[in-house]
Amino acid sequence: MKNSIKKISFAIAAVSLLGSAGAMANSAISYNYGSIQYIEQDVDDYDCNQDGLRVGGSVELNDEFFALGSYSDVNGGRCGSENLAVGLGYRTLFGADSSIYGALSLENTSVDHGESDSGVIAAVGLRGFVANNTELKVEVAHHTAFDGNTVLSGGVAYWFLPNLSATADAGLGSEASEIALGLRLGF
């Protein structure tokens, strides 16, 4: 836990320095960002509570398509895992300050004590601004790895600088649930 806190503190300092360096976020929803989050997960089948860090991001390929990816490393007691996911998404406007998106990703989960597995993630969601600096997200995603996990998640990003936001997310899944707190840097 102390190592996770040190990693988070270092990441916050690094992202804050990068945030003050200069890129400006657009007023419309942008899919150009990098993020770091502290996550806490509860995996039902294994009676496993684990926590750690996740880094992720998204890059707009054109006005409609974007690439996305994430890497997480979590552990706790007798459980833990690393997860890598990469994919491609499509978005379309839904009003002036929001968008609907769909994404298809490949993921690999390497479990510390047990069998590892790979699968596909199919996700659909809605992101939009509800106030000048406040962005909300709702998403449904189905993971095919292991026995499958369908997750309903929501999140908020508060943009305290034009290109830097604090994020909070929660996901309730059929096999695993999580909460996450972090920072997102728009570019």
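**View 1. Strand 8 and strand 9, with Gly-155 opposite Asp-169.** In this predicted model, Gly-155 stands opposite Asp-169 of strand 9, where strands are DSSP runs (E, at least two residues) numbered from the N terminus. Strand 8 (residues 149-161) and strand 9 (residues 164-173) run antiparallel and are joined by ten bridges, two strands being taken as paired if DSSP finds at least two bridges between them. The two strands form a hairpin with two residues between them. Residues are numbered from 1 along each chain as its sequence is written. Local features need pLDDT of at least 70 and side-chain atom pairs count only at pLDDT 80 or more, while totals for chains, interfaces and linings use all residues, and side-chain values use heavy atoms, with hydrogens and water left out.

**View 2. Strand 9 against strand 10.** Asp-169, which faces Gly-155 in the preceding view, also stands opposite Ala-180 in strand 10. Ala-168 has Leu-181 of strand 10 as its bridge partner. Strand 9 and strand 10 (residues 176-186) pair in the antiparallel sense over eight bridges, and the hairpin that joins them passes through two residues.

**View 3. Strand 10 and strand 1 in the closed barrel.** Strand 10 also pairs with strand 1 (residues 33-43), in the antiparallel sense and over eleven bridges, with Gln-41 opposite Glu-178 of strand 10. The closed barrel has ten strands in the order 1-2-3-4-5-6-7-8-9-10, with antiparallel pairing. From one strand to the next the twist averages 20°, the angles running from 0 to 180 degrees between N-to-C directions of axes fitted to C-alpha atoms.

**View 4. Strand 3 and strand 4.** Twelve bridges join strand 3 (residues 65-76) to strand 4 (residues 79-93), and these two strands run antiparallel. Leu-68 has Gly-87 as its bridge partner in strand 4.

**View 5. The surroundings of Glu-139 in strand 7.** Glu-139, found in strand 7 (residues 134-143), is buried (under 20% relative accessible area, with a 1.4 Å probe and protein chains only). Glu-139 has no salt bridge, a term that requires a side-chain nitrogen of Lys or Arg within 4 Å of a carboxyl oxygen of Asp or Glu; the nearest side chain of opposite charge, Lys-137, is 4.8 Å away. The side chain of Glu-139 does make a polar contact with the side chain of Tyr-101, at 2.6 Å (a pair of N or O atoms within 3.5 Å, of which, within protein, one must be able to donate a hydrogen and the other to accept it). Not counting residues up to four places away in sequence, Glu-139 touches Tyr-101, Ala-123, Val-124, Gly-125, Val-151, Leu-152 and Ser-153, contact meaning heavy atoms within 4.5 Å.

Methods:
Helices (H or I, at least four residues) and strands (E, at least two) are DSSP runs, numbered from the N terminus. Buried means under 20% relative accessible area, exposed over 50%, partly exposed in between (1.4 Å probe, protein chains only). Lys and Arg count as positive and Asp and Glu as negative; His and the chain ends are not counted.
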